[in-house]
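Reader: I am new to this structure and would like a close look at a single part of it. Please take one helix and its surroundings and go through them in order.

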Amino acid sequence: MTEKIKQGLKTQFMGKKIFFFKDTHSTNDIAKELASKGAEAGTIVISEKQSNGRGRLGRRWLSPEGGLWFSIILKPRIKPNEVFKLTFLTAVVVVRTLRKKFKLNAQIKWPNDILINGKKVCGVLSEIITNLSGRINFVIIGIGINANIDLNSFPERLRFSITSIRSELKKEIDREDFLCTLLIELENYYLLLTDGGFDLILEEWKDLNCVLDAYVEVESLDRTIKGQAVDIAKDGALLIKLENGSVNRVISGDVILKRFYKIRLKAESEKIS
Ligand code: BT5
């Protein structure tokens, strides 16, 4: 796999070093270890399977054979509270690639999911390691894509809400070719970001997302709020306009898309106006 990817990669730094595993616990954890030992930016860790694939908040990410489970080491000059920009950038690139290569109806669901026809096909997990003065040493971008996966290999409780590229296309894809296209595009967008182009990326993110403008329900610990998702704040938070006209920020959470575009959010939220 590694050789085929390297042959197809025309990048400056992305994927110049690739570590491939047949089976590992989590590519994000391996990438963190490598980065702390000095691995260069652009280094990639891929595994055919993960025994302890991780989602956000300690959740499990199921990673059977046939998927694309990989992590990228980056060393951007950004502040810790700007890391959401890398998650947004990654989501844009995954959606663009799914649309361009396979004409799939892919969309971004705030904050870190990629859906095809409303079902989750990919999740992004961005993690940072900072030094004692709070500056970023490196960022690990973990990307999990259900590529050539038979949905029957997932537990029944998840089958109605997730999908795979194979299941959408009714055929297997060339994973190496897909990954090469994705990595080339990721490098281009990363260079755009480091060149001060986040506003352009955010515009594209807004075009490709399925949450903005929708009516949502936000469940926080002590209350539920209902309103319309109206915008993204400068720190990546989702802004919800309530019926009384006030606007609440949703800092982190899960957006559950409901039929008829009704959306439920489970999240931390706070009133801002
Ligand atoms: C995510 O978390 O969506 C981030 C997933 C990142 C996985 C990659 S794989 C490579 C790298 N190495 C790692 O260890 N992780 C990264 P979150 O938003 O918390 O979503 C987790 C939830 O998605 C779970 O609680 C399940 O409901 C669901 N889920 C689990 N496995 C899935 C899968 N393969 N496809 C779609 N949904 C899944």
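Author: Glycine 38 follows helix α2 and has a positive phi, near 100°. The model is a predicted one. Helix α2 itself covers residues 27-36, and 7 of its 10 residues are buried, so the helix is largely enclosed by the rest of the structure. Buried here stands for a relative accessible area under 20%. The residues of α2 that meet this cut-off are Thr27, Asn28, Asp29, Ile30, Ala31, Leu34 and Ala35.

The next point is what encloses the helix. The buried residues of α2 pack against the strands β1, β2, β3, β6 (119-130) and β7. These strands belong to an open sheet of 7 strands with mixed pairing, in the order β1-β2-β3-β7-β6-β5-β4. At its edges are β1 (18-21) and β4 (106-109), each of which pairs on one side only. On average, neighbouring strands of the sheet are turned by 20° against each other, with direction ignored.

Within the sheet, β2 (residues 44-47) and β3 (residues 68-74) run antiparallel and are joined by 4 bridges. Isoleucine 44 has isoleucine 72 of β3 standing opposite. Another helix, α6 (residues 175-194), also packs on the sheet, where α6 touches β2, β3 and β7 (136-145). The direction of α6 makes about 25° with that of β3. Strands β2, β3 and β7 are thus touched by α6 and are also among the strands against which the buried residues of α2 pack.

Conventions: Residues numbered from 1 in each chain as written. Predicted model: local features only at pLDDT ≥ 70, side-chain atom pairs only at ≥ 80, totals over all residues. Heavy atoms only, no water. Pairing = 2+ DSSP bridges. Helix = DSSP H or I, 4+ residues; strand = E, 2+ residues; numbered from the N terminus. Axes fitted to C-alpha atoms, helices over the stretch in contact; angles between N-to-C directions. Contact = heavy atoms within 4.5 Å. Buried < 20%, exposed > 50% of the residue type's maximum accessible area, 1.4 Å probe, protein only.
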